[in-house]
Each structure stands twice: as structure tokens, then as C-alpha cells.
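Student: I would like a close look at one part of this model, with the reasoning spelled out. Could you walk me through it once the structure is on screen?

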Amino acid sequence: MHGLLTFYPDRRPALIAAHKKFLVSRFAELLLISGFVILAAHYSTAEVDEILSRASAEPASGLVASATLLIALSALLKSAQLPFHGWLMQVMEAPTPVSALLHAGVINLGGFVLLRFAPLVSESTAASTLLIAVGGTTAAAAAAVAMSRHSVKLALAWSTCAQMGFMLLQCGLGLYALAWLHMLGHAVYKASKFLGAGERVRQHVQSAQAGPLAPLRRPESALATLAGVATVGVGFYAWRLDPLQHPALCLPGLVLALGTAGNMVAGLQARMPAIVVRVGVASVAFAVAYLGLHELLGKIFGTFAGPSASALWAALWVAVLFVGLHYLHLLANVHYGRAVPARLRALLEAGFYLDEYLSRLAFRLWPLPAAARPSSVPLSTRQETLG
Amino acid sequence: MNMPAATAMHDDSAWSDAIDAATARIAPSWPLDRAIAVNPLWGHIGDDVQTVDARLRTLVGTRFVMPAAYYAERWHCGDISERDLAHALDHAPTFISHGEALAWLTHPEPVCQPLPLVSDFADAAVDATRGWTWREFIVQLISERCAQHFDAGQSGLGQEPGVGLYSAWRESAAHDLRPRLAMGMRCCGKATAILPSNARDAITAVLGALDVGAANVVDYLTALLLSVNGWASWCAFLRWEARLAGREDDSLVDLLAIRLAWEFLLARHLGMDTACSRLRTAWADLPVRNAHHAAAAQTAWVWHSALEHAYRNQVGAVLRARGASPRAQAGDAKPIEAVFCIDVRSEVMRRALEGLAPDIATRGFAGFFGLPLEFAPIGAHRTEARLPGLLSPTLKAREVHDDVGETWRVTRARQHALRETRAMQSFEKHPLAAFSFVEGGGLGYLLSLLGRGSDSAGEAPGSRKGISTEAGAHLRVRFAGVNDIDRLAASAAAVLKAMGLPGPHVRLVLLCGHGADTANNPQAAALACGACGGHAGDVNARLLVSTLNDPAIRRKLARDGLELAPETHFVAGLHDTVSDRVTLLDGDLVPASHATELERLAQMLGDASRVARIERAKRLGLDVAVTESPERLEAALAWRGRDWAQVRPEWGLAGCAAFVVAPRSRTRGVNLQGRVFLHDYDWKSDAEYKVLELILTAPMVVTHWINMQYYASTVCPNLYGSGNKTLHNVVGATLGVLEGNGGDLRIGLPLQSVHNGDRPVHVPLRLNVYIEAPQCPLDYLLARHPVLGALVGKGWLHMLRIDSETGEIYRRTADGWEAALAS
């Protein structure tokens, strides 16, 4: 992978991105190995299945909990969660197929390991809480930053970061089947989007041909939001899901409700009755089908216990962020005349300044080779290669 | 610290002139959805090309000729002969011996260091292995700011409140933490606050503080603009567009102010006095440096001239061989004529068509067919400017259905489809809906990933949602808003005068535009028709055809002395330059009386396509086995346009090197290898040389732009080319591409358009314009139009005159006309 990322070794940004990726990955692997060694030593076996079956047989000890925490941390690092996300954004410095491979394949490794150790994770309150807090925060924050990006590949990259956060959030909530599906679906989807990123111009022309988006009045968007929540309520009812018995499902339910609301808003903005109906029907059908899928997967793969009540505050925090994100989207795209506050915009544009720290660390730990020093005449020296 | 009071001592208007002079040097770069070729050095054409080369060496450290190794290879493989070299040495402004020239091939002048900016002084103190350099950092910050400011639809945060670029920067820079976090620069915010709030004032103030010397200011400002050349070119486009509409746009001055403000901030960072004195000392060298580079580059230009001479002679010999221009005889009137765009890709097709069909004559004319259109596709909220970048639209056209009632229905259906597509995109684009969507629907993309080229992102080339094939067949192009037949007739008359009337025996005239619709290609417009503003030429061709076929217009034209024979009928066509298919448009409107000719034309175009494809397949390096079967070859070429992984659907205009303005008889039957623009012109029927004037001021400038776009993208790929296509990242939905994550906006052609991986495929030669016309009008027009005078006199293109009596060729030099070919 390092070879692919440094495909063009004279590109300094490519090199530092590769270094960052290398450092974060190796550190994550160190955590994973430590966690695994602890588990292996504790249960005196290196077979994962064996470890899991023994763990389920005996009550969790502090040692096992810390090992689980290490594994969860390693997954967070491998999935480019805030604030260790910088390398994921900067791998655009490598050719498009390499970006696609990273965003569709490599990024999933952390999630894969986590899912493999699912029984342990769902037993560990600390690990679950960590996953909910970091994954959920990243999901909301990175999605907001993705909205603020100005280039197609960076918007895709930040959205990967957000999607991985959502997947880890689902792991933290014990919704492993959905997390699995999320990982697979996202891999295929994102690979396709990266490889097709060159269509951006054609899309833009089409969107411009459709004309400007109509602004909505506040009651309209409020109604759409209510409709979204109601849709998910109907979905819960249709599949006989009791929110009190499935508390873990409430957070994805909220996301589904707000997403449905967003789709309905987009339908309303088209200002053509037929489209309002079709988008409305499609989003309701999708929401109900989504919950059905969850039920179905639960029946096939079995369910895990949700996180203990102590993770509630983390879940609440994430819920607030998601509602904020919904509001931000309405503010920026639906209610014109109410601009996004300048300070918030600047913060999003800067990616919360988080990566600056990581870049500095990467430069310090692993300086670029002297050969990649930019001469004060970067143009003419590189020009020679064309001759 | 306050801004020094030195400002007041300088004449503010002198600074203002310097700002204007420096910004005038930046050429525009069009957005991706209507990308057209442009000479990136258009702002420098007032100066000699070698002076500009020296300037680039001094200011950016890049040169405007190829590296020595390139010429050495050409010399050793025989592309440059002893005679070419001798000719170039003879014409060199200073004496260079044959031995010196040969020695240069192995020992060229050393790589040049550009004059330093304050940011370079700051970089001297930075360990580049342990952090970003200031140069990188500043470009990155400015690039992000520009992307944010000009974003045309990528960001979901909506447009920034409407203030100027400079004000927006000044506002945000005060709170930006990045200079501190990434570069360790403190109190950047306070420093920006003391800068004047107006861009021009800020430039004046900082120039006063830095004091680079009054004589050097323009070049210093140019160097700053060139350090963010991509975004500067974007701002120059905004200015270009504004000026065509009679407005002004100051974004470029804003950008300059931002870059200069960074110089000021860094000078403060380093210590104002030291920085200023170092800058002053370094820039005092400017005239010496320029002179030194100009002298050092002489040999390079000798070799470049030799290379150009080789090609010029080769083409010149062919043109001269025709001798006196044959007079048109009544006997050789052909029943079918085909008018193609002057584009070099038409040359291949025209040669093939004429070779196969003795009854078809071809002609070359600018592909927008003289109609500067603003076109509204049916059901679309946005119009398209289908005209050369030099003009602003004067005519409006729209797409309608044959049946007036249906027009409304199709409009509505199309608009519905467009809006529904966009609304449905919310599932994947809404920041929250996207989470559930990839779970529920992500796997569905497996099919698109495996099954085809690109995903469902856009409509497949050529198809439009909401418009059925049946309805599509009845869509026509009409003038909009103009019912004034006089005005239409006047437009038609102007075009006919420039294009030439078809003879009285001509029964069918094809007006053939060209286009190329390529999948997953942000720079697709660069392959379409440049004269149609980066669109296909079908609309203009169809509109002119329907106008010229209109009996009322014909009556009007006849009254003006432009009589079209009643049996002459026009038909439109579109040449797809990727697959080399020619489609006839509105063929159903051709009367039954002309069915035989129409059928003949269609058949011969099909045959010609097959021949043209084989020629192109060789350049593209297609497998021989594929080339042998016409069907497989056609399929293989068409697939290149739809293949989402194809970085080189076609070679475009790579190789373009000459423009021949002469009757077709001068070039008919000659293989010009798809490298020559061909414009038909007969000076004998051009009474006041009005047509010649038009050709020199419009098509010739356009061909020069195309030629220089390819030239500059080949010789300065890092400054004037857009780099590697596999790294391209569309910014602001349509503004341009970045290479990778960031850095400056990249303008010009990608590496893949001029280079095949081993060597440059485009041979960078300045355009050779061969004109068959008497000497007097040419001299008159060169004197009358300063732009033409500059292009020819300052060495931006070579102008050659073909004498129609003898076929002899003369080249315009500084001293007048000289025989171009040794006898």
C-alpha cells in the first residue's frame, strides 16, 4: 500500500500523506497486537473462536476489558476517525484507482477486526462507549465538513470518514449486522463514486439545467421533519419494534428519520407535485424497508445485547450532533437568507484544524527524504522528465 | 507596526498602472463545462516570444522551449536536417557557430533559478523535510480560499455572502489558525488587520513598504501572479467574461493583493528591514538576469527554429508543387459539397471522403458557422454559449418540437426528469440520508461497478432523460425571439459571403459540425468544438441549414445578390471525433427530390469514416487485429468514448502545426496527417478583402490559441498544463481541476493529451499560417490590426504567403517577405 500511495514519489503531499498513513496504521497494529497478546495469554490460545467462546463462558475481567479497549482503539485508528483522519483525505495524491481501493477496501480492515471480536466488544462498556462517542462524533462532524468541501474527491473522502464513524457507532450500539451491511454497501458504493468522479462536470450541468433549488418556508421544513419522524415511527410499528426493547436502534432510527426528512425536503424543493409524491413514497418505502432489513438480519445472524445504560450519555450527545447536522443542512440549502454562521463555516472549512497537529507530528517523526525537498525552481527541474 | 508612510512618496497612479500591466499578462482559463483552448501567454503577445521566454526563466524558472535532449533526439533521428540547422543559424540574431550549436545538445545552459520572492527568503529558514515550505503553504491557503469563494456548486454550505475575494480573505485570515499551527507564525491575524480594506490600496501600501524598485514592479507582480497562476487564470476568465458583457471584474486584482499581502506578512515575520533589503538587492538584478537568459537561450531557439523550419518546408514544398492556382471550371462542378469545421481532425475525414467520392467536394469553415449563439436546450434552465471565446452571443436559439403543442409537453417532461433526478440524489447526498442509504442501497452499486463504465452519476452521452427517442427525432433548432426576417437574412448573408456560395450545379450541401462526448472525463469539452465554445457543432449547423433552406430568406438573399439555386438544398451533420461517425441531422426534412444525393452522401460518409478510422487507429496504437476489421475498429473507437477508465479517448488536436487559408485545390489529395487547419478562401472573389480580414482576426486567432495551448502544455507542463489525469480532482463543480488534494488550480491540457507515456506526441511548433493572397492586403491588415502585427511580428506564429500565380511561398519576417523555400 505504501508503494501505491507514493506512486509519484516527487509529490511531497503524497509522501507526507503516506507517512501519516504508515504511522497511524503501524500504531493501530501495535494496539491490536497488544490487545490480542493479552487475550491470547489470558485464555492461553491464539484461536479467535476459542477466545470468544471462553470469554462468553466466564465473567469479564479487567484484563479482558482493557484488551477489548485496545482492539476498539485500533479499529478507530484504522478507520480514520477524528482526530487521526488526515491521511484518508490526503491519499487523493495517488491515482484515482488507488483512492478507490483505499476507500473501498483498506479502510474497512479496522471494522472487520472489530466485528470479528463483536462478542467481546458488546460485553465491554468502556469499548462500546468509546465507539459510540468517537464514531458518532466523527460521523456528524465529518459529514458536516464533507458538506463544506469544494472538490469532489475531498467531499467523497470526508464522507468516507463519516460513514466509517457511523459503522463504528453501530458496532458500539451492538448493531453488528447493520454494521456489516454498512461496510459492504459503503465499500461498493464509494469505489464506484471515486472511479466515476470525472462525471462531476456532467452532473453539474444537469443540475444547472434543472434550475435553482426553490427555497422552503420554515413550516414546510418543519412539517417534513415531522413526517420523517412519523415515517420511522410507522416503520417501528410495522415491524413490531419496541423502542424500549431495542434502545440501541433509536440512534439509527433518528438518523433514518432525519434523512427521510431531508429527502422529503428535497422533494418539496423540486416544486412539482408529481415529484413531491414520488420522492415521498420512495423515502417512506426506503425507511420501512431499511428497518425490515434490520429485522431480517437480526433473525439470520442473531442479536447482541445493546450497550449498558452508562453509554446513554454518549448516545445522547451523538443524537444532539445529528439533529444539529440536520439543522445545518436546512440552514445552508433550504432556508435562504439565513447563512451559516461565519465562524462555524470557517471551522468546517479548516476541518476543525485537527489535521494540522497530526501533520506536524508526522513531519517530526518521519521527515521527508531530502530528495523530495522542493527546490526553489520546482517547475524547471520537474520539466526535465518530459524531454 | 503600522504601514510605512513611504506609500505617499510614490505616485499612486504609477502603482495602479503597474497593477493593470501585471494583471493584463494573465490569460483567461475557461471553466470545464465550456473549456476551450487559449494561448496561456495571450497577455504577453505584445512582447517578442524570446523575450517572454527569458521573462519566464527569470520569474518562474521555466522555459518556453523544449529541453535539449528533445532537440538532440530530433537531430539524431533526422527530423532536423543540416539544411534546417543552417537556415536557423543564418537567421539567429547573434552569431552562433555550427559547433556551438551541436555542443549545446549535450551541454545546454544550466537550469535557471528564478528571482526570489519574500516567501523564498522565508523558505530558506525552513527545513523542507520537516514541514511545509511557505511556497506550498501559501499556494494551498490561497487555493482553498479561491475554491471557497468561486465554488459553483460543490459545497453544500451555499454561496459565501457577496463580498469581493480580497475582503473575504481579509475577514477570514484574521481568525485563521493555520499559519500558527502549520508554520508557527504568530500574530498573523493582527497583521492582516492593518492592511487596507481595499485591494488596490493594499497593493499600493505593500509595494510602498517592500520597495522593489519602480522599474521592476510589473515583473515582481507578474511573478507573484505566476506563483498562483491557475487561480489567476480563473480570475482572468471572470474578467474576460465581464468585459464581453461590458462590465469589469476585479477578482484578479484581489488575488494579487492577497498574494502580495502574504509577502508583507512574511517580511514582517522575517524582519521588515532585512527582508526589504534582500528583496531589493535580488530584484536589482532583473535586467541583467533577463539579458543573461535571453542570451543563454539563443541556442535553444536556434534548434527550435530548425525544427520548425523542417516542418514548414515539408508542408511548403507540397503547397508550392501545385504551382499556379487552377481556375475553377464549369465542368468540375460537383453535385454534392460538404463543409467541415477547420479543425485538424476534419482534414483526415475530408481527405478520405474526397479520395473515395469524386462527386463530392469539401470545404473548410469555422465550425460555429458564423452564428454566435446562445442556445437553450429544451426543458433546460440554462443556456449554452455556442460560439468562439472571442465573441459574445448576438443570436438566441432554442430547441422546439415540430408540433407546437408537443413543445410544451416535452419541455415539461424534460424539466420533470431533471428535477426528479436531482431530488432523488438527496438519498445519497443528504449528510444524514447518506448513512442509511449506503446500508440499504450501497450494494446496488455492485452492478454498476461490474457492469459498465461509469456509474449512474450522469446521463449516458447523447441520451436525455424525459425525452423519448420518438420525441427526440422531432426536435428542431429555431431562432428564439427573432422573427425579424431581415436580421436573419443579414446573418445568413454574412456567413455566405465568408463561406462562399455553392455553385449553381450543387444539389446538396452538407454543413458538418463536430463534437466528442466522452465518459467520466472532466475535460471532455476540450475535445469538442472550440469554435462552439466547447460544445458540439450540431446546433449551429442545423440552424444555418434551416435558415438557408427557408424560401423567404432565400428571396431576401437573392435581392442582396446572393442567389442560391433552387435545386441547392442544405443538410446538417455531426462528426463524432471519437468514433469518427458522421450522423446526418434533420435528414427527414430533405425533400424527396434530393433523396438520391442524400443516400449517396450518407453512404460515402460511412466509407470515409472507415478509412479515417484506420488512419487514427495507428496513432492511438490500436491492435493490428482490431484495425483489420472495420466493425471491430468502429466498436473499439466508440468504446473509447464510453470507457470510464480511458484517459485518452482520442488525440484531439495534438500535432496541430499549420493553418492553410487557400482554395481546396491547393491542398486536395495531399496527406497533411491531420495536423493542419484548413479554411477555404479565394481572394479573387473577395473584393475588399473583408473576408480575409475576418479570417485573420477570428479563425486565425482561434487556431493560434489552440496551437499555443498545445505548445504551452507540452513545453511547460507544470505551469501551463494540467498534469496527470489520474490525479485530477474537479474543484467547485466546474471551475477546473486540482492535481491531487490541493495546490494551485491546474489549467491547460493534461499530460495524457500531449504525451504518450514515453515521449511527447504533440510536436510543439508555432503555427505556420499559409495564406493564398496577394501581398498588399496582408501588409495592410498586419498594420491595421495591432494584434495581428504582434502575433506575426513578435514571433507567436509564422505567416507565409502563397503566390497564386506561381505557387511560390514567402515568409513574413521582420524585414518584410522572403522566399521561404530554397529553390
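Student: Please start with the pair B:Arg616 and B:Asp580: are these two residues buried or exposed?

Tutor: Happy to. Keep in mind throughout that this is a predicted model. B:Arg616 is buried, and B:Asp580 is buried as well. Their side chains meet in a salt bridge, with 2.9 Å from N to O. This pair links distant parts of the chain: B:Arg616 belongs to helix 28 of chain B, while B:Asp580 sits in the loop between strand 8 (569-576) and strand 9 (581-585), and 36 residues separate the two.

Now move one place back along helix 28. B:Glu615 forms a salt bridge with B:Arg351, and the closest N and O atoms are 2.9 Å apart. Here, too, distant parts of the chain are linked, since B:Arg351 lies in helix 19 of chain B and B:Glu615 in helix 28 (residues 595-620), 264 residues apart. The burial of the two partners is worth checking against the cut-offs. B:Arg351 has a relative accessibility of 14%, so it counts as buried, the limit being under 20%. B:Glu615 has a relative accessible area of 25% and is therefore partly exposed.

Helix 19 brings in another bridge through B:Arg350. Its partner is B:Asp680, and their closest N and O atoms are 3.5 Å apart. B:Arg350 is in helix 19 (residues 344-356), whereas B:Asp680 is in the loop between strand 11 (676-679) and helix 31 (690-697) of chain B; the two are 330 residues apart. Both B:Arg350 and B:Asp680 are buried.

Chain B also holds a salt-bridge network, which links B:Asp402, B:Arg476, B:Arg542, B:Asp586 and B:Asp588. Over all chains, the salt bridges number 59.

For another kind of polar pairing, look at B:Ser143 in helix 8 (residues 134-150) of chain B. Its relative accessibility is 5%, so B:Ser143 counts as buried. The side chains of B:Ser143 and B:Trp231 are joined by a polar contact of 2.9 Å. Setting aside residues up to four places away in sequence, B:Ser143 touches B:Trp231, B:Leu738, B:Gly743, B:Asp744 and B:Leu745.

A nonpolar residue of chain B makes a useful companion to that. B:Ile802 is in strand 16 (residues 798-802), and B:Ile802 is buried because its relative accessibility is 0%. Its contacts, leaving out neighbours within four places in sequence, include B:Leu319, B:Arg666, B:Tyr770 and B:Ile771. The C-alpha atoms of B:Ile802 and B:Val661 are 9.3 Å apart, although their positions lie 141 residues apart along the chain.

Next, step out to where chain B meets chain A. The contact involves 114 residues of chain B and 111 residues of chain A. Together the two chains bury about 10,000 Å², and 59% of that is on carbon and sulfur atoms. Between them there are four salt bridges. One salt bridge joins the side chains of B:Glu136 and A:Arg12, at 2.4 Å from N to O. There are also 43 residue pairs in polar contact between the chains, both residues being at pLDDT 80 or more. On the chain B side, helix 20 (residues 404-424) gives the most, with eleven residues. That side of chain B divides into 47 nonpolar, 43 polar and 24 charged residues.

Chain A offers a neat view of packing in helix 3 (residues 48-57), whose buried residues are A:Val48, A:Ile51, A:Leu52 and A:Ala55. Looking down the axis of helix 3, these buried residues fall within an arc of 95 degrees, so they line one face of the helix. On the other side of helix 3, A:Asp49 and A:Ala57 are exposed. The buried residues of helix 3 pack against helix 2 (12-43), helix 7 (109-116) and helix 8 (118-123) of chain A.

Finally, some backbone details in chain A. A cis peptide bond, with omega about 0 degrees, joins A:Leu82 and A:Pro83. A:Pro83 lies in the loop between helix 4 (62-78) and helix 5 (86-90) of chain A. That loop also holds A:Ala80, which has a positive phi of about 55 degrees without being a glycine. A:Ala80 is buried because its relative accessible area is 0%. A:Arg271 is not a glycine either, and its phi is positive at about 55 degrees. A:Arg271 is in the loop between helix 14 (250-269) and helix 15 (273-301) of chain A. With a relative accessible area of 38%, A:Arg271 is partly exposed.

Key. Residues numbered from 1 in each chain as written. Chains lettered and ligands numbered in written order. Predicted model: local features only at pLDDT ≥ 70, side-chain atom pairs only at ≥ 80, totals over all residues. Heavy atoms only, no water. Contact = heavy atoms within 4.5 Å. Buried area = accessible area lost by both parts, 1.4 Å probe. Polar contact = N/O pair within 3.5 Å; in protein donor to acceptor, adjacent residues only side chain to side chain. Helix = DSSP H or I, 4+ residues; strand = E, 2+ residues; numbered from the N terminus. Nonpolar A, V, L, I, M, F, W, Y, C, P; charged D, E, K, R; others polar. Buried < 20%, exposed > 50% of the residue type's maximum accessible area, 1.4 Å probe, protein only. Arc of directions from axis to C-beta.
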